[in-house]
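Q: Here's a model I'd like to go through with you. Give me some quick background on the whole chain first, then a close look at a single part.

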Amino acid sequence: MSFSELVLVPWLLWLGAAVSLAFVGLALSRRPWQALLDDHALQHRWLAATVMVMLLWQLRAQAVDWLTLHLMFTALLTLIFKAPLALLSIVAVNLAMVLLGRVEWPLLGVNVLVTGVVPALVISLVWRLVDRHLPDHLMVFLFVGCFFGSALATLGAGGAAVGLMALGASDPGAMHQALEYARFLPLLMPSEAFITGMLMSILLVYHPDWVATFNDHRYIDTK
């Protein structure tokens with residue numbers, strides 16, 4: 001889900017861009033490129049995942065002129081690569097949407113906020129909960145961290161989009177449309193959760209070492 005036309009007041013666009021820039025700067029401060037430079041296989045996986053997400057974002061439903069509905073895959077990227085690299089992927093995908101003419105460039109900041117920053121924060125918090133406070137069990141990681149976490153991340157992104165409209169919609173009728181859009185969230189949440197959980201299940205069976213948030217020694221070897 002992302003904005004495709006200018007329906008937010010200018011100050012809110014600037015605020016969204018500033019918040020997104022701050023989080024991207026925080027991600028860059030973690031030096032995520034160092035892991036890419038040290039691991040050529042990780043480079044290939046990260047680039048392939050970014051391109052794949054960009055292609056999948058083309059499968060979108062235009063609910064209203066200014067809003068598009070699509071699966072984000074931010075939770076999946078965060079679980080596989082951790083938040084810094086996942087956020088850089090989402091920034092690259094949003095830049096591609098602008099260059100392809102799908103989205104107007106002033107919306108880049110708020111779209112990164114809605115599709116990248118918020119869901120990445122949500123899924124990271126859920127993963128921390130699973131990692132530190134719940135039993136070391138594969139099913140707990142899958143169902144709580146992957147299925148539930150990605151559904152909650154989608155809810156957070158949708159809530160952020162509606163919240164931005166409530167703060168500064170330039171068109172009074174757009175807020176009513178945003179509330180109508182919120183009714184689609186119960187349909188998007190299980191879809192995102194199912195795809196994230198399914199792909200994570202496959203990775204954990206065949207390539208658990210590819211998933212940066214998963215410790216196969218804790219969840220598999222010690223059982």
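What radius of gyration would a compact globule with 223 residues have, and what does the chain have? After that, please zoom in on Arg45 and the residues it is in contact with.

A: One thing up front: this is a predicted model, where local features need pLDDT of at least 70, side-chain atom pairs count only at pLDDT 80 or more, and totals for chains, interfaces and linings use all residues. Residues are numbered from 1 along each chain as its sequence is written, and side-chain values use heavy atoms, with hydrogens and water left out.

Now the background. A compact globule with 223 residues would come out near 17 Å, and the chain has 17 Å, so the two agree; the radius is taken over C-alpha atoms, and the globule rule is 2.2 Å times the number of residues to the power 0.38. Along its principal axes, the C-alpha trace spans about 55 × 35 × 30 Å. You'll find 10 helices and three strands (DSSP runs numbered from the N terminus: H or I of at least four residues for helices, E of at least two for strands). From the N terminus, the order is β-α-α-α-β-β-α-α-α-α-α-α-α. Buried residues make up 48% of the 223; that means under 20% relative accessible area, with exposed being over 50% and partly exposed in between (1.4 Å probe, protein chains only). Take contacts (heavy atoms within 4.5 Å) between residues at least 6 apart in sequence: 77% of them join residues at least 24 apart.

On to your residue. Arg45 sits in helix H3, residues 40-56. Arg45 is buried but has no salt bridge, and Asp39, the nearest side chain of opposite charge, is 4.3 Å away. For a salt bridge, a side-chain nitrogen of Lys or Arg has to be within 4 Å of a carboxyl oxygen of Asp or Glu; Lys and Arg count as positive, Asp and Glu as negative, and His and the chain ends are not counted. If you leave aside neighbours within four places in sequence, Arg45 is in contact with Asp39, Phe81 and Trp210.

Phe81 is worth following up. It belongs to helix H4, residues 74-81, and counts as buried because its relative accessibility is 8%. Besides Arg45, Phe81 touches Leu42, Trp46, Ala49, Ala86 and Ala212, again not counting residues up to four places away in sequence. Val211 is 130 residues from Phe81 along the chain, yet their C-alpha atoms are separated by 6.6 Å.

Back in helix H3 there's also Leu47, which counts as partly exposed because its relative accessibility is 47%.
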